[in-house]
Amino acid sequence: MSTEKVIVEKHPTYWLVRINNPERRNALSEAVVDGLIAVTAEVAREKAVRAVILCGAGDKAFCAGADLKERKAMNPDQVRVFVGKQLAMMNAIAASPKVWIAALQGACLGGGLELALSCDLRVANTNTVAGLPEVRLGIIPGAGGTQRLPRLVGMAKAKEMILTGMRMCAEHAQAMGIVNRVAEDHEAAAIELAGELAKAAPISLTQAKRAVDAGWDLPLEAGMLLERACYDVTIPTKDRLEGLQAFAEKRAPNYIGE
Ligand code: COA
């Protein structure tokens, strides 16, 4: 469901979710975080949807991180509670059964970059500026940045970004391995990627994502067992049989997410 601050465009195989707070460079206000929590829960129930594209309104920012104006009015306890809620929202996206694609443009800073890191794939407009400036604001990344970034790019590069608060362009972010694709039109590139995902069976995507994510921190042997458990989920599905049937009939499969 759309809210004033989070607009949802529903397509049969993907949803496009737009943070709509352009006057604050799509900063993560309480209303934005609440809207994203709601949409993450809602899309999880849609069997045929494979992907969620997350983008920002206007042409200046994906998301400029925490809403620093709202934050200024909070007392320390309120900050603690809100930071926890923000992290829970990003963890829910990371654990979502759908594939989340962050379509980046302009400012992608602090919590904005952490939000992008909680997604599975990232495409970036050439105008993207990404960074984790928190240490320059007297705090540290508090929504997974210190944990997800090193896992993605390695310890040395992550420490350089986190400890210096440096800002980087799209090409640099791609060279670092943060961004999958750089494009003139980031939303078109994300929609194209969602089109590729639409060729896959929804349950396969969910289980493949789970195998990669949950296996990451496991010893290899335990990871193999986890992969096997994820594979087993696909065996009794109608879509597995449809994949075999479509292959035999030399046609595209029609997957339903069951
Ligand atoms: N929270 C709240 N408001 C924000 C914001 C944020 N994170 N980022 C930008 N805004 C607001 C600005 O205060 C400004 O509001 P105003 O018009 O009332 O003055 C408006 O958005 C436009 O910002 P401005 O700085 O004029 O635009 P810009 O395009 O030149 O720069 C940024 C955009 C995002 C690069 C710059 O605003 C910035 O560095 N923001 C802080 C980002 C940050 O440190 N985030 C990490 C938080 S932990």
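In the predicted model, N26 is buried, with a relative accessible area of 0%. This residue is found in the loop between strand 2 and helix 1, and its phi is positive, at about 55 degrees, although N26 is not a glycine. R25 is placed in the loop between strand 2 (14-19) and helix 1 (30-43) as well. The phi of R25 is near 55 degrees, again a positive value in a residue other than glycine. Most residues other than glycine have a negative phi. In contrast to the buried N26, R25 is partly exposed, with a relative accessible area of 38%.

Strand 2 belongs to an open sheet of 6 strands, arranged in the order 1-2-3-5-7-10 with mixed pairing. The edges of this sheet are formed by strand 1 (6-10) and strand 10 (181-183), each of which pairs on one side only. Averaged over the sheet and with direction ignored, neighbouring strands are turned by 20 degrees against each other. Strands of a sheet pair through backbone hydrogen bonds, either parallel or antiparallel. Strand 1 and strand 2 are paired in the antiparallel sense over 5 bridges, and V8 has V17 in strand 2 as its bridge partner. Strand 2 and strand 3, by contrast, run parallel and are joined over 6 bridges; here W15 stands opposite V52 in strand 3.

Strand 3 (residues 51-56) is mostly covered, with 6 of its 6 residues buried. The side on which A51, I53 and C55 point is opposed to that of V52, L54 and G56, and all of these residues are buried.

A further open sheet consists of 4 strands in the order 4-6-8-9, and its pairing is also mixed. Strand 4 (61-63) and strand 9 (167-169) are the edge strands, each pairing on one side only. Between neighbouring strands of this sheet the average turn is 20 degrees, direction ignored. Strand 4 pairs with strand 6 (residues 107-109) in the parallel sense over 2 bridges, and A61 stands opposite A107 in strand 6. Helix 4 (residues 111-118) packs on the sheet and touches strand 4, strand 6 and strand 8 (129-131). The direction of helix 4 makes about 85 degrees with that of strand 6.

On the surface, L68, L137 and I139 form a nonpolar patch with about 280 Å² of accessible area together. Of these residues, L137 lies in the loop between strand 8 and helix 5 (145-153).

Side chains of opposite charge can pair when their charged atoms come close. In the model, 16 salt bridges are counted. One of them joins the side chains of E187 and R18, at 2.7 Å from N to O. Because E187 lies in helix 8 (residues 186-197) and R18 in strand 2, this pair ties together parts that are 169 residues apart in sequence. E187 is buried, with a relative accessible area of 18%.

A salt bridge also connects K85 with E30, whose closest N and O atoms are 3.2 Å apart. This pair links distant parts of the chain, with K85 in helix 3 (residues 76-94) and E30 in helix 1, 55 residues apart. Both partners are partly exposed, K85 with a relative accessible area of 25% and E30 with one of 33%. Another salt bridge brings together the side chains of R251 and E242, at 2.7 Å from N to O. R251 counts as partly exposed at 33% relative accessibility, whereas E242 is buried at 16%. Finally, E30, D34 and K85 are joined into one network by salt bridges that share partners.

Conventions:
Residues numbered from 1 in each chain as written. Predicted model: local features only at pLDDT ≥ 70, side-chain atom pairs only at ≥ 80, totals over all residues. Heavy atoms only, no water. Pairing = 2+ DSSP bridges. Axes fitted to C-alpha atoms, helices over the stretch in contact; angles between N-to-C directions. Contact = heavy atoms within 4.5 Å. Patch = residues over 30% accessible without salt bridge, like charges linked within 9 Å, V, L, I, M, F, W, Y side chains within 5 Å. Areas by Shrake-Rupley, 256 points an atom, 1.4 Å probe, with all protein chains shown as cover. Salt bridge = Lys/Arg side-chain N within 4 Å of Asp/Glu carboxyl O. Buried < 20%, exposed > 50% of the residue type's maximum accessible area, 1.4 Å probe, protein only.
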